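Here are a few exercises to work through with the model open beside you. Try each task before reading its solution.

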Amino acid sequence: MLLMVLASPFVQAQTPKQDIEKMLEQRDLEIKTLLGPKDSEYTDAQRDKLKDIVNGIIDFRAMAKFALEATYDTIEVKEREEFVELFATIVRDQSLNKLDIYRAKVTYKDIIVKDDNADVSTYAELDDVRTPVNYSMALEGKEWVITDMIIDDVSTAEAYNRQFQRIISRKGFASLLESLRKRAARA
């Protein structure tokens, strides 16, 4: 019995870096499989599935909190929940504006893990155009989630932060919330 245990291959747990890369590669493959060949038509069910895959690992609450800064902690819980839901709806909708981008070949340059946070550096190449796409990630429970996406050196969370802070300082949070309601209704 001891010989069988010693003779079996040594199984080593994956590192967080390997877990992250495997998870991102798996999602990329799911998306590309669902997209099918270029110029394919998509059903509503396929678009919904794509939306789920593309956005399924984004921590919208973390992004929303960053976008609102101190305002996040000053608003009522009900408003906060509505804000996060509206914010997620808008980001999800925007993620499907240009489906061809998900056909890009993704190359992982570096994944740096420090404690429960990770920075993932990649580039996506489509039609001979190479675009840097980086992710800030955090470990929530046993799952890695995206807390920010930096595309072509533009942070999604920071862009929303600038936009939302401008509206809050000029017109107040209620105006921002009403604007988001209208945008989400169009999504």
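**Exercise 1. Find which residues form a positive surface patch, and place Lys 171 within the fold.**

Solution. Bear in mind that this is a predicted model.
Step 1: Pick out the members of the patch, which are Arg 162, Arg 166, Arg 170 and Lys 171.
Step 2: Locate Lys 171 in the chain; this residue belongs to helix H7, which covers residues 156-171.
Step 3: Check how open Lys 171 is. Its relative accessibility is 63%, and the cut-off for exposed is over 50%, so Lys 171 counts as exposed.

**Exercise 2. Work out whether Asp 115 is buried or exposed, and describe its backbone and its place.**

Solution.
Step 1: Look at the backbone. Asp 115 is not a glycine, yet its phi is positive, at about 60 degrees.
Step 2: Find its neighbours in the fold. Asp 115 sits in the loop that links strand E1 (105-114) to strand E2 (117-126).
Step 3: Compare the accessibility with the cut-off. Exposed means over 50% relative accessible area; Asp 115 has 67%, so it is exposed.

**Exercise 3. Repeat the analysis for Asp 128: what is its phi, and which loop holds it?**

Solution.
Step 1: Asp 128 is another non-glycine residue with a positive phi, here about 65 degrees.
Step 2: The loop that holds Asp 128 lies between E2 and strand E3 (129-140).
Step 3: Asp 128 counts as exposed because its relative accessibility is 74%.

**Exercise 4. Describe the whole protein chain: its elements, its extent and its contacts.**

Solution.
Step 1: Count the elements. There are eight helices and five strands.
Step 2: Read their order from the N terminus, which is α-α-α-α-α-α-β-β-β-β-β-α-α.
Step 3: Take the extent of the C-alpha trace along its principal axes, about 75 × 40 × 30 Å.
Step 4: Turn to the contacts with a separation of 6 or more. Of these, 52% join residues 24 or more positions apart.

**Exercise 5. What share of the residues is buried, and how are surface and charge made up?**

Solution.
Step 1: Of the 187 residues in the protein chain, 36% are buried, where buried means under 20% relative accessible area.
Step 2: The exposed area of the protein chain is about 12,100 Å², with 52% of it supplied by carbon and sulfur atoms.
Step 3: The protein chain carries 28 positive and 34 negative charges, and the mean positions of the two sets lie 3 Å apart.

Technical notes. Residues numbered from 1 in each chain as written. Predicted model: local features only at pLDDT ≥ 70, side-chain atom pairs only at ≥ 80, totals over all residues. Heavy atoms only, no water. Patch = residues over 30% accessible without salt bridge, like charges linked within 9 Å, V, L, I, M, F, W, Y side chains within 5 Å. Areas by Shrake-Rupley, 256 points an atom, 1.4 Å probe, with all protein chains shown as cover. Salt bridge = Lys/Arg side-chain N within 4 Å of Asp/Glu carboxyl O. Lys, Arg positive; Asp, Glu negative; His and termini not counted. Charge placed at Lys NZ, Arg CZ, Asp CG, Glu CD. Helix = DSSP H or I, 4+ residues; strand = E, 2+ residues; numbered from the N terminus. Buried < 20%, exposed > 50% of the residue type's maximum accessible area, 1.4 Å probe, protein only. Contact = heavy atoms within 4.5 Å.
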